[in-house]
Amino acid sequence: MSGVVVGVVVLLVAVLAAGGVVVLRRRSWPETPAFARPRPAHWPGGLTADPNAGFFTDRGSLFRKRYFFVGTGCPPTLVVDFPSLDVSQREQPVRIARQGIRVWWWFDGEFYREAAGLGTDDVVAWVRERDRRQRARQERARLLSAAEESLRKRDNG
């Protein structure tokens with residue numbers, strides 16, 4: 001008889017523990033920041049840098065480290081294979097999250113969002129073109145600054 005009582009007690013403890021883990025998991029889901037609340041897509045859909053995007057970690061059930069991604073219009077999304085994605089994003093764009101028609105990409109240490117159904121090659125081309133334009137703007141600014149300095153020296157000297 002005492003074996004039956006012990007069995008019932010063990011079964012009740014197991015059921016309560018399993019239910020508690022589920023409740024703890026639901027309660028431990030991170031809060032959604034205001035910028036990350038889902039909203040309709042307003043931009044034309046092309047790739048845009050997302051300055052609010054990033055990862056954070058917390059300890060979930062059984063104190064396992066969990067990685068979450070959050071971005072503009074993207075509530076916290078659990079990222080299952082963070083270490084692998086971290087390595088891959090250095091070589092090629094990695095799709096991190098999807099919210100409705102929006103997709104967030106991680107590439108070369110930066111985050112981008114789009115709603116045009118772009119592929120990996122499209123993201124690489126856009127990012128490389130953006131980098132070329134930025135370098136050209138910087139070079140143009142340096143040249144203008146040097147020309148102004150040269151004119152100032154000529155006028156003063």
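1. A search of the whole structure, which is a predicted model, finds 11 aromatic pairs. One of them joins Phe55 and Phe82, whose ring centres are 4.9 Å apart and whose planes stand at 75°, an edge-to-face arrangement. Because Phe55 belongs to strand β2 (residues 54-59) and Phe82 to helix α2 (residues 82-88), the pair ties together parts of the chain that are 27 residues apart in sequence.

2. The two partners of this pair fall into separate classes of accessibility. Phe55 has a relative accessibility of 23% and therefore counts as partly exposed, since the buried class is reserved for values under 20%; Phe82, with 15%, counts as buried.

3. A further pair is made by Phe56 and Phe68, and here the ring centres are 5.5 Å apart with the planes at 15°, so the pair is stacked. This pair also links distant parts of the chain, given that Phe56 lies in strand β2 and Phe68 in strand β3 (residues 65-71), 12 residues apart. Phe56, at 28% relative accessibility, counts as partly exposed, whereas Phe68, at 0%, counts as buried.

4. Beyond individual pairs, the reader may wish to trace a cluster in which ring pairs link Phe55, Tyr67, Phe69, Phe82, Trp104, Trp106 and Phe111. Phe55 and Phe82, the edge-to-face partners described above, are thus found again within this cluster.

5. Strands β5 (residues 94-99) and β6 (residues 102-107) run antiparallel and are joined by 5 bridges. Gln99 stands opposite Arg102 in β6, and the hairpin formed by the two strands has 2 residues between them, with Gly100 taking a positive phi near 65°.

6. The largest nonpolar core has 13 residues, of which Phe69, Val79, Leu85, Ile96, Ala97 and Trp106 touch the most other members. At least two residues of this core are supplied by each of β3, β4 (74-79), α2, β5 and β6, and the largest share, 3 residues, comes from β5. Phe69 and Trp106, named here among the core residues, also appear in the aromatic cluster.

7. Which residues does Leu85 contact, leaving aside its neighbours within four places in sequence? Leu85 is then in contact with Val79, Val94, Ile96 and Trp106, and of these, Val79, Ile96 and Trp106 are listed with Leu85 among the core residues that touch the most other members.

8. Another core lies apart from the largest one and consists of 7 residues, among them Leu47, Val103, Trp105 and Phe107. As general background to both cores, nonpolar side chains tend to be buried together in soluble globular proteins.

Definitions and conventions
Residues numbered from 1 in each chain as written. Predicted model: local features only at pLDDT ≥ 70, side-chain atom pairs only at ≥ 80, totals over all residues. Heavy atoms only, no water. Phe/Tyr/Trp six-rings, centres within 6.5 Å; stacked < 30°, edge-to-face > 60°. Helix = DSSP H or I, 4+ residues; strand = E, 2+ residues; numbered from the N terminus. Buried < 20%, exposed > 50% of the residue type's maximum accessible area, 1.4 Å probe, protein only. Pairing = 2+ DSSP bridges. Core = buried A, V, L, I, M, F, W, Y, C linked by side-chain atoms within 4.5 Å. Contact = heavy atoms within 4.5 Å.
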